[in-house]
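Thank you all for coming; I would like to walk you slowly through one structure this morning. Please keep the sequence and the view in front of you while I talk.

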Amino acid sequence: MITIQGLYFKYKGEKKYALEDINFKIKDGEFVSIMGANGSGKSTLALCISGIYRTTSGIINVDGEDINNSRSAIRRKFGIVFQNPDNQIITNSVERELAFPLENAGVPLEQMKLIVSKQLKLFNIDKYRTAIPGELSGGEKQKIALASAMISSPDYLILDEPTTFLDPFEKREIFNLIKNKFLIKNKFTVILITQYIREALDSDRILVLSDGKLAFD
Ligand code: ADP
Ligand code: MG
């Protein structure tokens, strides 16, 4: 469970708060969509919740732990997919990209190979196993980013406008993958940031940010 109380966030050197007095809870297994105009604070909120940014003030508690006391442990609970896969993909082979989070988690080599093979099949990217991610299409890259974010079985999955740069076919493919394989079968807690009401319709709940404030829950 994620509890956010009186959260404020201001970027260094800025006068205005990017997030102001945000309060809400997310229950385990919930699928929450966050909507709002460009610049309303959606990405900033995602970066605060996952422990990447330090809040200016206020409390973020994940599974009973204050984020300021156990930042690195909490960060490991989150898988994140950003809007632009080019900012996310860091290795030069699809296989290695998927193995990377497992390596960080200290998974033994033989086990790692099995998990990577299974994930490649699950995401239907087996044929790109040895491909260079940078040479694939936007949709393929985003599938790899999603497969990699999910591979170490995080408790929380944050998707920050993951279909922005995709064509309509790829958008649908990514979204079906998120919906069918994970949400329904595995019951991850998912936070989906999206501009598309169609994508948000499947969620349990929709939060709307407006100018750094929570305008609707
Ligand atoms: P959204 O994801 O909803 O488009 P953001 O969280 O990216 O919104 O941005 C919220 C506000 O914070 C905007 O006013 C934006 O200009 C500002 N902002 C975002 N990133 C930075 C940054 N690195 N430095 C200063 N201001 C930023
Ligand atoms: Mg954003």
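Serine 153 sits in the loop between α5 and β7, the strand of residues 156–160, and in this model, which is a predicted one, the phi angle of serine 153 is near 50 degrees, a positive value in a residue other than glycine. If you follow the chain past β7, you come to glutamate 161, which lies in the loop between β7 and α6, the helix of residues 168–186. Glutamate 161 also has a positive phi although it is not a glycine, with a value near 45 degrees. Is glutamate 161 buried or exposed? Its relative accessible area is 9%, and because buried means under 20%, glutamate 161 counts as buried.

Let me go back to helix α5, which covers residues 138–150 and holds glutamine 142. Glutamine 142 has a relative accessibility of 1%, so it is counted as buried. Which residues does glutamine 142 contact, once its neighbours within four places in sequence are left aside? They are Val81, Phe82, Gln83 and Pro85 on the one hand, and Pro162, Leu166 and Ile174 on the other.

Helix α5 comes up again when we turn to helix α3, residues 94–104, since α5 and α4, the latter being residues 109–122, are among the elements that cover the buried residues of α3. Those buried residues are Val94, Glu97, Leu98, Ala99, Pro101 and Leu102. As a general reminder, an α-helix has 3.6 residues a turn, so residues three or four places apart point the same way. Alanine 99, which belongs to helix α3, is buried with a relative accessible area of 9%. Leaving out neighbours within four places in sequence, alanine 99 is in contact with Met112 and Val116. From alanine 99 to isoleucine 115 there are 16 residues in sequence, and the distance between their C-alpha atoms is 8.4 Å. After α3 comes glycine 106, where phi is positive, near 75 degrees.

Now to helix α1, residues 42–49, which is mostly covered, with seven of its eight residues buried. The buried ones are Lys42, Thr44, Leu45, Ala46, Leu47, Cys48 and Ile49. This helix, too, is followed by a glycine with a positive phi, namely glycine 51, at near 85 degrees. Within α1 I would like to pick out threonine 44, which is buried at a relative accessible area of 7%. Not counting residues up to four places away in sequence, threonine 44 touches Phe9, Tyr11, Ala18, Leu19 and Tyr53.

That brings me to the ligand. Which residues are found around ligand 1? They are Tyr11, Glu14 and Ala18, together with Ala37, Asn38, Gly39, Ser40, Gly41, Lys42, Ser43 and Thr44. By class, this shell comprises three nonpolar, six polar and two charged residues. Three pairs of atoms deserve a look in the view. A polar side-chain atom of tyrosine 11 is 3.4 Å from a nitrogen atom of ligand 1, while a backbone N or O atom of serine 40 lies 3.2 Å from an oxygen atom of the ligand. In the case of lysine 42, an N or O atom of the side chain is 2.7 Å from an oxygen atom of ligand 1. Taken alone, ligand 1 exposes 560 Å², and the protein buries 60% of that.

Finally, let us step back to the whole chain, whose secondary structure comes to seven helices and 10 strands. A compact globule of 217 residues would have a radius of gyration near 17 Å, and the chain has 17 Å, so the two agree. Along its principal axes, the C-alpha trace spans about 45 × 40 × 35 Å. Of the 217 residues, 48% are buried, and the chain exposes about 10900 Å², of which carbon and sulfur atoms supply 51%. If we take the contacts between residues at least 6 apart in sequence, 68% of them join residues at least 24 apart. With the whole chain in mind, you may like to return to glutamine 142, in contact with Val81 and with Ile174, among others.

Definitions and conventions. Residues numbered from 1 in each chain as written. Chains lettered and ligands numbered in written order. Predicted model: local features only at pLDDT ≥ 70, side-chain atom pairs only at ≥ 80, totals over all residues. Heavy atoms only, no water. Near = heavy atom within 4 Å. Polar contact = N/O pair within 3.5 Å; in protein donor to acceptor, adjacent residues only side chain to side chain. Areas by Shrake-Rupley, 256 points an atom, 1.4 Å probe, with all protein chains shown as cover. Nonpolar A, V, L, I, M, F, W, Y, C, P; charged D, E, K, R; others polar. Helix = DSSP H or I, 4+ residues; strand = E, 2+ residues; numbered from the N terminus. Buried < 20%, exposed > 50% of the residue type's maximum accessible area, 1.4 Å probe, protein only. Contact = heavy atoms within 4.5 Å. Rg over C-alpha atoms; globule rule 2.2 N^0.38 Å.
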